[in-house]
Amino acid sequence: MPLLEIKNLHVSVEGRQILNGLDLTVNKGEVHAIMGPNGSGKSTLAHVMAGKPGYEATQGQILLDGEEVLTTQPDERAAKGLFLAFQYPMEIPGVATITFLRTAMNAQRKKRGQPEFTVPEFQKRLNEVAGKLEIDREMLRRGVNVGFSGGEKKRNEILQMALLEPKLCVLDETDSGLDIDALKIVSEGVNRLRSPERAMVVITHYQRLLSHIVPDVVHVLSRGRIVRTGGKELALELEAKGYAQYQDEAALAS
Amino acid sequence: MTAEVRAIKTPAELALAEAYTAAKPKLPGDGKVIALREAAFRRFDAQGLPNRRVEEWKYTDLRALMREAKPIAGLPDAAAKARAKSAGSLIGDIDVRRIVFVDGAFVPELSDLKNLSPGLTIGSMAQALASGDPLVAAHLGKVAAADDSAVALNTALMRDGAVIRVAAGSTVELPIHLVFVAAAEQSASMFTRSLVVIEKGARAMLVESHEGATAAEHQVNTALELVVGDDAYVDHIKITSGKSPVVHVSSLMVTIGARARFNDFSYTTGNAVVRNQLFLQFDGAGALAGIRGASLLNGRQHADVTLVADHKAGGCQSREVFKAVLDGQSRSVFQGKIIVRPKAQKTDARMLSNALLLSDEAETDTKPELEIFADDVQCGHGATSGALDDGLKFYLMARGIPESEAESLLVQAFVGEAVEGIEHAGLRDALMVNVAEWLKARAG
Ligand SMILES: Nc1ncnc2c1ncn2[C@@H]1O[C@H](COP(=O)(O)OP(=O)(O)OP(=O)(O)O)[C@@H](O)[C@H]1O
Ligand SMILES: [Mg+2]
């Protein structure tokens, strides 16, 4: 059984249809890249998977481990192992990052029937993971993402991902805003999580990220549907030729 | 026909007049105190109970909220004192010196007056009035005096309270905890009046707890006059909590001396109706004041913060931050007025009020006012009201945090922005624990 199966997904936002008949199947152990022009619906796909309010699936299914998730709350999806690294992580003043992380981790464990982490247990895990991602301890005491630079916010998303150990990681332009060194650190963080039990969907505009996180499959999303699927060489082709031909194809199809 | 509309007295106002006449001979104080009471009562009698025609009371119409005036509380019996024992526990296990008032009367056996640190004196207002205490004679009714009929009524009927003095240059390490408990079985009215004088360069922290210990509909009118001397450093925290259906009117009158620091916090979760009025007067140059507060309300609770910060001297800085969290059909009022007198150049005053509406039926009224008569000043105010941010809630939920817990985290963060202004870490923590408990009770 595939880990993720999206069938004929139609999504509208504020009455406007953004995704129209999207299909995507991701198996355990695989890394899929999704590329596509601005406004083609990549973040919309990520958001509807995570359960963002206001994103209405008018048709189709999203199956995680064979179970429909569209009818469930975002926190239930997270507990089932879905994780979205946001394109634009939000700032939450007044909620210390460390409190946020522990609350999230224990809430998921509780929902899965696992024992909650004690403070020292949690601290130990956090120190390990934060250390590898070169995230400063002082930053963790601040409000979630408050005063973080763009790159630090992205790194914080990967920190959360590494702590929560999801089954399916969806990364929405995690590379944007990262400098060359940070890109390497973050990619290594993501690669450490690659495992036969886990899958990843990596949304990006740039081949550069995909040379660090090498995908098994590359998809082109245009005007709300997948218009082409290929191997990792497809990313190189896109880098050379751009999206012009796909936009025409999508226009013809819709 | 020109009709001179004379307000007809309400039953409550008539009852208060009768109560005053009957109580007069028994109230503490003679000579000057009697004259003070008489003048105050005449002021009250002319104005009546505060009502919506009075601009400052427009959102909290006491005339409508007090259909009747409860009889003045008698001295507390043993049962009332027993009920008062656990009052004030919201502050957790921080070390304090506890001074207890039950039904408006000082209770020595529940209070700790031992080993007062050098420079600190604590007494009861009843005694001070009866004995003609010079400190009281010098200050009572004169500290940031406001023309307000609730204060006038308090002055007319004041019976007891605390009289505290911290001598110049003394530091009182142990916070002084004034616990006011309305513990009578039958509904009653209570009038407490306190005077606190922190002299030049002295330092002290004062915590007031006000709560009801029964299901009676008490009417509490409490007032505190506080003198913050030049170079003094004073923290004052007032907590109004508990499930009792009390109507609570509180007046804080403060004068702030030159280069002094004054940190005030009002925390309100309890009672049916709470009016916290704060009259601050900056008398000396270069003072720093942080005036903050948070109200957490549900059901049909009503809480009103009305603040007047009167900058009479220059170069003072004031920061006002008030937060209200409203659930059910509750209502919050924030009225904040900053006055900058012509001589108060280089005043830096900033006022912020935020209301968080957790229910569609909750309501908030905000009225910020600036009256600026000096030209070289920095003054501003901001007010917001709204529901929790859905985007932030989604972000938390996307990490596996259930909706109610996500809401709690966001509410705690919201209240925390005001609470973090309290310097005492233990008290800060205690209030945040109480916020968490309030949220838990809300989630059911
Ligand atoms: N909340 C919203 N309200 C209205 N329109 C929206 C909303 N969210 C997305 N859209 C629209 O949906 C379309 C797809 O947006 P989406 O963010 O999914 O694109 P994207 O592929 O992620 O683009 P980018 O590469 O720029 O990140 C865009 O035209 C966008 O304006
Ligand atoms: Mg996007």
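This is a short chat about the ligand and metal sites in a predicted model.

User: Hi! Which residues come nearest to ligand 1?
Analyst: Happy to help. Gly39(A), Lys42(A), Ser43(A), Thr44(A) and His205(A) come nearest, out of 16 residues around ligand 1.

User: And what sits 2.5 Å from an oxygen atom of the ligand?
Analyst: That is a polar side-chain atom of Thr44(A). An N or O atom in the side chain of Asn38(A) is 3.0 Å from an oxygen atom of ligand 1, and a polar backbone atom of Gly41(A) also lies 3.0 Å from a ligand oxygen.

User: Nice. How much of its accessible area does the protein cover?
Analyst: The protein covers 70% of the 640 Å² that ligand 1 has on its own.

User: Where does the largest share of the shell come from?
Analyst: From helix 1 of chain A, with 3 residues. Helix 1 spans 42-50, and strand 2 (16-26) also supplies at least two shell residues.

User: What's the mix by class?
Analyst: There are 4 nonpolar, 8 polar and 4 charged residues in the shell around ligand 1.

User: Switching to the metal: what coordinates the magnesium ion?
Analyst: Ser43(A) through OG and Gln87(A) through OE1, at 2.0 to 2.2 Å. The two are 44 residues apart in the chain: Ser43(A) is in helix 1, while Gln87(A) is in the loop between strand 6 (82-85) and strand 7 (92-96) of chain A.

User: Is Gln87(A) buried or exposed?
Analyst: Gln87(A) counts as buried because its relative accessible area is 14%, and the cut-off for buried is under 20%.

Conventions: Residues numbered from 1 in each chain as written. Chains lettered and ligands numbered in written order. Predicted model: local features only at pLDDT ≥ 70, side-chain atom pairs only at ≥ 80, totals over all residues. Heavy atoms only, no water. Near = heavy atom within 4 Å. Polar contact = N/O pair within 3.5 Å; in protein donor to acceptor, adjacent residues only side chain to side chain. Areas by Shrake-Rupley, 256 points an atom, 1.4 Å probe, with all protein chains shown as cover. Helix = DSSP H or I, 4+ residues; strand = E, 2+ residues; numbered from the N terminus. Nonpolar A, V, L, I, M, F, W, Y, C, P; charged D, E, K, R; others polar. Donors = N, O, S within 2.8 Å, 3.2 Å for Na, K, Ca; no water. Buried < 20%, exposed > 50% of the residue type's maximum accessible area, 1.4 Å probe, protein only.
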